[in-house]
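Me: Please give me a close look at one part of this model, in plain terms. Explain each technical word when it comes up.

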Amino acid sequence: MPAYRGHNAPKDKTFKVRVAGYRRGLTKTVKRALRRRAAVEPVIGHLNTDHRMGRNFLDFAQGDANNAVLAAVGYNFGLLLNWPGLLCAFILAMLATTATPPLRPRIA
């Protein structure tokens, strides 16, 4: 079932639209691509709201590309900044469990 590409579109420009709920007759490659798309879509929504991809103030196609790259860099940098905090929390938790001496019964 070709997608609508205009009434004068050449035959080589038609393509099939894949719907996520429809699984019969799909190859493994297409199923994997649909799962990948489902994993990427929340990240795109997060970039639009939190990393200023919703409104682009840069000009032309080069500005669009730069805006996408800068938003991705900001997103990845935020992920990298979470790692030292998690590492410090893990180390402190390990030190807290090993630093407490075992309780000894008191002999009166």
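Reply:
**A close look at helix H2**

The side chain of Thr97 comes to 2.9 Å from the backbone oxygen of Met94. This is a polar contact (a pair of N or O atoms within 3.5 Å; within protein, one must be able to donate a hydrogen and the other to accept it, and residues adjacent in sequence count only if both atoms are side-chain atoms).

The model is predicted, so local features need pLDDT of at least 70 and side-chain atom pairs count only at pLDDT 80 or more, while totals for chains, interfaces and linings use all residues. Residues are numbered from 1 along each chain as its sequence is written, and side-chain values use heavy atoms, leaving out hydrogens and water.

Thr97 lies in helix H2. Helices (H or I, at least four residues) and strands (E, at least two) are DSSP runs, numbered from the N terminus. Helix H2 covers residues 60-99. Thr97 counts as exposed because its relative accessible area is 57%. Buried means under 20%, exposed over 50%, and partly exposed in between, with a 1.4 Å probe and protein chains only.

Met94 turns up again in a nonpolar surface patch of about 620 Å², together with Leu87, Phe90, Ile91, Leu92 and Leu95. A patch is made of residues with over 30% relative accessible area and no salt bridge; nonpolar side chains (Val, Leu, Ile, Met, Phe, Trp, Tyr) are joined within 5 Å, like charges within 9 Å. The areas come from the Shrake-Rupley method with a 1.4 Å probe; for residues, only the protein chains shown count as cover. Of these patch residues, take Ile91: it belongs to helix H2 and is partly exposed, at 41% relative accessible area.

Asn67, also in helix H2, is buried, with a relative accessible area of 13%. Leaving aside neighbours within four places in sequence, Asn67 is in contact (heavy atoms within 4.5 Å) with Arg52, Met53, Arg55, Asn56 and Leu58.

Phe60 is in helix H2 too. Its phi is near 65 degrees, a positive value in a residue other than glycine. Most residues other than glycine have a negative phi. Phe60 is exposed, at 72% relative accessibility.

Helix H1 (residues 28-50) holds a charged pair, Arg37 and Glu41, four residues apart, about one turn of the helix. They form a salt bridge (a side-chain nitrogen of Lys or Arg within 4 Å of a carboxyl oxygen of Asp or Glu), with the closest N and O atoms 2.8 Å apart. The whole structure has one salt bridge. Arg37 is partly exposed at 48%, and Glu41 is partly exposed at 41%.
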